[in-house]
Amino acid sequence: MADPIARLDKSPPIAGRRAIRRLPEAAVNRIAAGEVVERPASVVKELAENALDAGARRIEIHAERGGIARLVVTDDGHGIPGDELAVAVERHATSKLVPDPQDGVDLLNIHTLGFRGEALPSIGAVARLTLTSEASGAGSAFRITVAGGSVGPVEPAPRIGGTRVEVCDLFFATPARLKFLKSERAEAMGLTDTVKRLAMAHPDVAFRLVHDGRTLLDLSAGEGEEALPRRLDELLARGFIENSVQVRAERTMEGFLPLKLTGYAGLPTHARGSSTHQYLFVNGRPVRDRLLQGALRGAYADFLARDRHPEAVLFLEADPVFVDVNVHPAKTEVRFRDAGIVRGLIVSGLRHALGEAGHRASTSVAEFALGRFRAGGEAVRPAGLPGLTRAPYLPHPAEAARAGLEDGRGGFEARRPSLGAPANDTEEPAIPPAPAGTDEDTGEIYPLGRARAQLHATYIVAETETGFVLVDQHAAHERLVYERMKAALASGGIARQALLMPEVVDLGEGEARALLRHADELADLGLVIEPFGGGTVLVREVPAMLPRLDVAGLVRDLSDEVSEGGEALSLRERLGEVAGTMACHSSVRAGRVLSLAEMDALLREMERTPHSGQCNHGRPTYVELARADIERLFGRR
Ligand code: ADP
Ligand code: MG
C-alpha cells in the first residue's frame, strides 16, 4: 500500500486557494506588537516594568513629542549580559519563567510583572529599538539594535551601570497604526498616567519623567511606611490623603496565602465626577479590572449618587497562584480563582474603613466653604491706608465691661436668641455654662460641638473646641434616618407605632392600587397601609423612630416614588430613597425651628452614627471651620 502522506504531498493545487505557510518572524512580531504596543504609553509601561523586574531603584524616562519620536527608559537594575542580548529581543524569550521538563512552565505562579517575552521583539518590530545594557559585575556594556524587525549585531558600548532602552520613530514600520494615535499632547498625558500608576505601586523606587525637555515627574525613592502616603501626596490632587481613610483588610483562605487589601479610599464627600481617579493594583501591577471597579462601586453604593465616583488607591495582594494575569498581552486584566471572595473583601474592607471614619466629612468641603466666604467690608475698605492699625482681636476689657460682656466670647452667646433660637423654649438655660464643645458633667469632648443657634430654620450652628460647625439639619437627619432604618432592619425589623387616629390619604385609583402592591414591603419598613376604597388608603401604623410624621405627605411621595421607580427594584433595595422620603416628612426637615436640646440631640446622634458626614447622595451634612480658618477670614493670620 502506498504511503498516504506521500500521496498527500503530491496533492494537486486547488484553484483560488494558496497553501498554508509559516509567517516570517518579523511579520509574527509585528502582529503580536498590535496587542502589546498600542501607543507610546504601552511602550513606557513595558520598559518600566522590565526595569522594575530587574530590581531598579531609579528609573528615568525621557520622551519626545508624545513619545512617538523618541522614548528612552534608563534604569539601574541588574542588566543583561552581552551574550544574552540577542535572545532578549527574540520573541517568547524570557528570564522570568523557568521551564520545567514535565509541564512546560507554571503560568499560574508569576511573581514578576513581565513573563511573556514579547515586549522587546514587539517594540523592535514596529520601531527602531536600541537596547544597551551592563550586567552587574560584568564591567562592560553591550548594545543591540532592532529596526522594523531586522536585528543588528551585538556591539560593545560605553558602560552605563544598568540598562537603557531607546525607542525611536514608533510605528514607522506600521504606518497604519500611526493614524490611530491621538495628539502628541494626549499621548504625553497617557504616558504620564502610566508612569504615575507604576510609581504609586513602587514608592520605594525613584522615578523621573521628562517630556520635550520639561520635567513632568521627579519622585525620590521613599522608605518604610511613609513612602506610600508621601508618594500619593506627590502624585494625586492635593488633599487626597487628608480626605481619605486608610484601608487594611485581610482574608485567609484554605490552601492559599491570605488575600490582603491596603491603600486609601476617598471620603464620599470627596467624590469625583468620573472614575479616572481610581487606581487599582493587583500584586504591584496596575490593572483596569471590571470586577475590582464594580466592587469599589458596590462599597460606596450607600453613600454616592450614581454619577459620583470615589477616589481610591487600592492594592490587592493575592497568592500568585490565586490570580491569572495571562488574560491579555497588555496584562491589565486579571482573573481570580474566586471572584466572590475578592469582591467580598473589597466591599467589607472599604465599608469598615469608611465606617471607622464615622461622621467625618472631607476637609475639602471646609476649604470650599472658606473660598466662598468674603470679608464683609472688603469692597469698600480702603486698602492699605497708611497709619491704619488692625482692630484688636478681643474687645478692650473696659469696653467689654461697658457692653456688659464678661469676655470676648460672651458677645456671641449674649446675642444668641436673635440668631434664631426659639423664643418659646423656656427650659433652655440662657447661656450654657459648659465650655465649647464639651459635656458639662463629664467634660467629654464633642467633635461636633454644642448647638448655639439655628439659622434660617435650616442650619445648626455649633461651637466646637477648635472652631465651629454648620450643620444642614435636613441632610443630616435624612442620613440618620437611613442609618437607623438600616440598623433596625439588620437587627430584626423596624419598630412600628399605631396612630391614635388612623389617617385616610386620597391617592387616586391607579396610584392607590400601585402603592398597595407594596403594602408588605412598607410594613417591613414600618408603615402599615390598607385599602380604604375609592382610591384612598388607610394608614394605621408608622415607624416609631419618626416622631411628628406628616403621614399624608409621606404616603403621597412614596406613591410617586413607586410609580416612578417601577417594579424593577424593591423598596428595600431603594432604602436610601425611601428613608430620605420618610425623613422629609418627619420632624427635622428643613424649615422647622428646633430647640437647642433637639439640635444637641441631633449632633450627638451624628457623632454616634457611621457615615453621617455625608447625606444619601454624598453631599456633606456639615462643614467645619477651624478657628484658624475664621481668623484667616478676618486677616488675622
Ligand atoms: P519579559 O519581560 O516578558 O520577560 P521582554 O521582552 O520585556 O519580556 O524582555 C525580555 C527579557 O529581557 C527579560 O526577560 C529580561 O531578562 C531582559 N530584560 C529586558 N529589559 C530589561 C532591563 N531593563 N533590565 C534587565 N533585564 C531586562
Ligand atoms: Mg517585559
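Me: Helices (H or I, at least four residues) and strands (E, at least two) are DSSP runs, numbered from the N terminus. With that settled, which element gives the largest share of the shell around ligand 1?

Reply: Keep in mind that we're looking at a predicted model. Ligand 1 has 21 residues around it. Three of the residues in that shell come from one element, and this is the largest share. That element is α5.

Me: And which residues are the closest to ligand 1?

Reply: A residue makes the list if one of its heavy atoms lies within 4 Å of the ligand. By that rule 21 residues surround ligand 1, and they split into nonpolar (nine), polar (eight) and charged (four). The closest are Asn50, Thr94, Ser95, Lys96 and Gly117.

Me: How much of ligand 1 does the protein bury?

Reply: Let's start with some polar contacts. Asn50 puts a polar side-chain atom 2.8 Å from an oxygen atom of the ligand, while Leu120 uses a backbone N or O atom, 3.0 Å from an oxygen atom of ligand 1. Thr163 has a polar side-chain atom 3.4 Å from a nitrogen atom of ligand 1. Taken alone, ligand 1 exposes 530 Å², and the share of this that the protein buries is 94%.

Me: Which elements give two or more residues to the shell around ligand 1?

Reply: We've already met one of them, α5, with its three residues. Here it is again with its numbering, next to its companion: the elements are α3 (40-53) and α5 (119-126).

Me: Now the sheet of three strands: which strands stand at its edges?

Reply: This is an open sheet, ordered β20-β22-β21 and paired antiparallel. Two of its strands each have a single partner, so one side of each is left without a neighbour in the sheet. Those edge strands are β20 (496-506) and β21 (528-533).

Me: How much are neighbouring strands of this sheet turned against each other on average?

Reply: Take the sheet with the order β20-β22-β21. Ignoring direction, the average turn between its neighbouring strands is 20 degrees.

Me: Which residue in β22 is the bridge partner of Val504?

Reply: β20 and β22 (residues 536-543) are antiparallel, with seven bridges between them. On the other pairing, β21 and β22 also run antiparallel, joined by five bridges, and there Glu530 has Leu538 as its partner in β22. Val504 is likewise bridged to a residue in β22, and that partner is Leu538.

Me: Which residue in the turn between β21 and β22 has a positive phi?

Reply: β21 and β22 form a hairpin, with two residues between the strands. One residue in that turn has a phi of about 60 degrees, and that residue is Gly534.

Me: How about the sheet of five strands: which of its strands are at the edges?

Reply: This open sheet runs β10-β11-β14-β12-β13, with mixed pairing. Its two edge strands have a single partner each, so each has one side without a neighbour in the sheet. They are β10 (244-253) and β13 (285-287).

Me: Which strands does helix α9 touch?

Reply: First, β12 (residues 278-282) pairs with β13 in the antiparallel sense over three bridges, and Leu280 sits opposite Val287 of β13. Helix α7 (residues 184-201) lies across β12, β13 and β14 (312-317), at about 55 degrees to β12. Helix α9 (residues 290-300) packs on this sheet too, its direction making about 125 degrees with that of β12. The strands α9 touches are β11 (256-266), β12, β13 and β14.

Conventions: Residues numbered from 1 in each chain as written. Chains lettered and ligands numbered in written order. Predicted model: local features only at pLDDT ≥ 70, side-chain atom pairs only at ≥ 80, totals over all residues. Heavy atoms only, no water. Polar contact = N/O pair within 3.5 Å; in protein donor to acceptor, adjacent residues only side chain to side chain. Areas by Shrake-Rupley, 256 points an atom, 1.4 Å probe, with all protein chains shown as cover. Nonpolar A, V, L, I, M, F, W, Y, C, P; charged D, E, K, R; others polar. Pairing = 2+ DSSP bridges. Axes fitted to C-alpha atoms, helices over the stretch in contact; angles between N-to-C directions. Contact = heavy atoms within 4.5 Å.
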